[in-house]
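Work through the exercises below with the model open beside you. Try each task before you read its solution.

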Amino acid sequence: MTELLESYVAGRWFRASDEGQRILDAVTGEEVVRVSSSGLDVAAMVTHAREVGGPAIRRLTFHERATLLKQVALDLSQHKDEFYALSFRTGATKRDSFVDIDGGIGTMFSYAGKGKRELPNDVVYLDGAVEQLGRAGTFLGQHVYTSRPGVAVQINAFNFPVWGMLEKLAPAFLAGLPSIVKPASQTAYLTETVVRRIIASEILPEGALQLISGSVGALFDQLGEQDSVAFTGSAATADVLRRNPAVQERGVRLGVEADSLNASVLGPDVTTDDPEFDLFVKGVVTEMTVKAGQKCTAIRRVIVPESSADAVIEAIGARLARTTVGDPADESVRMGALASVGQREEVRNAITALRRSADIVFGDPDAVHTVGADAEAGAFMSPVLLRAHDGAEEPHDVEPFGPVSTVLTYRTVDEAIALTARGRGSLVASVITHDPGFAREVTLGLAPWHGRVLILDRDDAAESTGHGSPLPMLVHGGPGRAGGGEELGGIRGVLHHMQRTAVQASPDMLTAITGRWTTGSKRTVTDEHPFRKSLADLRIGDSIVSETRTVTLADIDHFAEFTGDRFYAHTDPVAAAANPLFGGIVAHGYLVVSLAAGLFVDPAPGPVLANFGVDGLRFLTPVKVDDTIRVTLTVKQITPRSSADYGEVRWDAVVVNQDDEPVATYDVLTLVAKE
């Protein structure tokens, strides 16, 4: 009997005792594996995730978790040849597999980098500024994000067996959650292979990742209010999940990415001689043929000015005619097979529905010439382009999840927006135009209906990643029909998995809870200058209160002459006196900051290696001639870098005048040696 895929549960690989469901090669129709989860102990999986995986992950800081993600990505990169060989059996070409395999690994690299750069070396994330809740400043509020003691379940579609898992795993792991992965059975053998490599590497803590090969069974019965489910698939299945008692009664968080009738809109400014015309045609054909159109972001509706329709159809047809279909392992093939013969039948049925209000203008859903493969044994199909009749309904309701697009025409900008919005919510729309006015009007009209909008023209085309490519730093998801869920989006995708809580406390308590010095907290002032302390010796709250410095007219004149900043408020007594904000000559703000640095800096060589920035600089009270200033500098946050012999120290700087009025506040960012 063919191999039976295994699940990974509670630290061991599990094989079902029955024969399982047959999974066929998309190219040859031969049996690849069988899939079954019969007898799988899903309760043990959830318990293992909660009691073993979750605590192990949450003991790590964000930076430590990011380091492990990078190590996993590096390890997986060593096995890509193995993954590519299996990916061919799913019907994917080398180009398709690059999107799935390299795209998934790249997403892990991206989150590893963002975790180090944008998250603290801590287990709590601060959201926004401190809110003063009382007059005296002794009662404050701060929003914080903390890890939930739950499980992140992901239920994925068949089209991206690698990317679909890794793009969900990376942000969940950074957020402190263990994951239970349930891939679609049709391509689960590729997901299982990747999971085996991750488990074998022993990089992630035990319990951080588990796998269900087959049905989820009674998994939802084990989930509760701290757990989440990320689902990618059909709207019909999403509706079933929304009605599950785990979601309706126990508060399980459900994120959905479902059907999406994405559109590409050609601007009325574009002629056949413009580069935008070729960009539009190429974009449509690419989205029809990559992964054989089996992408949640593929272009289903091609929306063009009525006067351009014939030229667009002719150009798309000419390019599609050059698209070779067949064995995805053949270098000459541009489009491989659909994931299964059953999937091909679903696409054919969708085309039949579309033909109630549209005509086929290219391709035959029932016939295709293939290269190096049997057209009937494999799940092959020709790309199909349709042209909708006026008033057509089906293109806005039927999603053919394959190499199929429908051309619709518009006469006015408002009609273009309305046609696109009839998709009732989509993951992405693209607008191809070189007219900024059209771009603004259409983007503002489409944005409420889409998770992402691409504006493409000759200026950004060389660097554009294209209509259909979700990027880890941008949100992926969409409203309405698209499911209403949201993934990725950089650190947004991490925070989505965490709990935001408003914490109310005194300054000292907030400092203790958040690990970041809060205005009003105690300061520690000693005879030793903080700049003489290494990262190991510095403590939150270490401070220096400087000597004073009188700002003279000569200082202001010299700074104006030396820098060339001769703005009238610093150089013209009459004009400055007429200014209602100043009433006379005032010092340059940057002169005040420079003088403040001279007051707090310890100049001798020591642990402080460099100043690499200033955040949040605000000038609050003008410094006038002969005012006296001093500065208080306090260690606000300490962030060691695991990859270097130094770390980052954020200092709170407050400059005041002789009346103790704050004249400038800002954070100073320095690099400080660990020892």
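**Exercise 1: A three-stranded sheet**

Tyrosine 125 faces tyrosine 145 of E6 across a strand pair. The model is predicted.

Task: Find the strand order of the open sheet that holds E5, E6 and E23, and state which are its edge strands.

Solution.
- Start with the pair E5 and E6 (residues 140-146). Five bridges join them in the antiparallel sense.
- Add the third strand. The order is E5-E6-E23, and the pairing is antiparallel.
- Mark the edges. E5 and E23 (499-505) each pair on one side only.
- Check the twist. From one strand to the next, it averages 20°.
- Look for a packed helix. H15 (residues 507-514) packs on this sheet and touches E5, E6 and E23. The direction of H15 makes about 10° with that of E6.

A general reminder: strands of a sheet pair through backbone hydrogen bonds, in either the parallel or the antiparallel sense.

**Exercise 2: A seven-stranded sheet**

Task: Write down the order of the seven strands in the open sheet and name its edge strands.

Solution.
- Trace the strands across. The order is E15-E17-E18-E13-E12-E19-E20, with mixed pairing.
- Name the edges. E15 (358-362) and E20 each pair on one side only.
- Note the turn. Ignoring direction, neighbouring strands of this sheet are turned by 25° against each other on average.
- Inspect one pair. E12 (residues 263-266) and E19 run parallel, joined by four bridges.
- Locate a facing pair there. Leucine 266 stands opposite isoleucine 432 in E19.
- Add the helix. H10 (residues 309-321) packs on the sheet, touching E12, E13 (301-305), E15, E17 (384-388) and E18 (404-410). The direction of H10 makes about 170° with that of E17.

**Exercise 3: The buried residues of H3**

Task: Which residues of helix H3 (residues 80-89) are buried? What do they pack against?

Solution.
- Apply the cut-off. Buried means under 20% relative accessible area.
- List the residues. Phe83, Tyr84, Leu86 and Ser87 are the buried residues of H3.
- Find their partners. These buried residues pack against H2 (62-77), H4 and H6 (188-201).
- Look past the helix. Glycine 91 follows H3, and its phi is positive, near 100°.

**Exercise 4: The largest pocket**

Task: Describe the largest pocket by volume, central residues and lining.

Solution.
- Take the volume. The largest pocket has about 1300 Å³.
- Go to the centre. Among 42 lining residues, Arg516, Lys636, Gln637, Arg650 and Asp667 are the closest to it.
- Find the main contributor. Strand E5 (residues 125-132) supplies the largest share of the lining, six residues.
- Sort by class. The lining divides into 16 nonpolar, 14 polar and twelve charged residues.

**Exercise 5: The second largest pocket**

Task: Repeat the description for the second largest pocket.

Solution.
- Take the volume. The second largest pocket has about 940 Å³.
- Go to the centre. Of its 41 lining residues, Thr286, Glu287, Thr465, Gly466 and Ser469 lie closest to the centre.
- List the elements that give two or more residues to the lining. They are H4 (94-118), H9 (275-289), E19 (426-432) and E20 (450-456).
- Pick the main contributor. H9 gives the largest share, nine residues.
- Sort by class. This lining has 18 nonpolar, 15 polar and eight charged residues.

How values were computed. Residues are numbered from 1 along each chain as its sequence is written. This is a predicted model: local features need pLDDT of at least 70, side-chain atom pairs count only at pLDDT 80 or more; totals for chains, interfaces and linings use all residues. Side-chain values use heavy atoms; hydrogens and water are left out. On a 1 Å grid over the protein atoms alone, a cavity is a set of points where a 1.4 Å probe fits but cannot get out, and a pocket is an open set with protein on both sides within 12 Å along at least five of seven lines; lining residues have an atom within 4 Å of a point. Grid points are joined across faces, edges and corners, and a volume is the space filled by probe spheres set on the points. Ala, Val, Leu, Ile, Met, Phe, Trp, Tyr, Cys and Pro count as nonpolar, Asp, Glu, Lys and Arg as charged, and the others, Gly among them, as polar. Buried means under 20% relative accessible area, exposed over 50%, partly exposed in between (1.4 Å probe, protein chains only). Contact means heavy atoms within 4.5 Å. Two strands pair if DSSP finds at least two bridges between them. Axes are lines fitted to C-alpha atoms, for helices over the stretch in contact, and angles run from 0 to 180 degrees between N-to-C directions.
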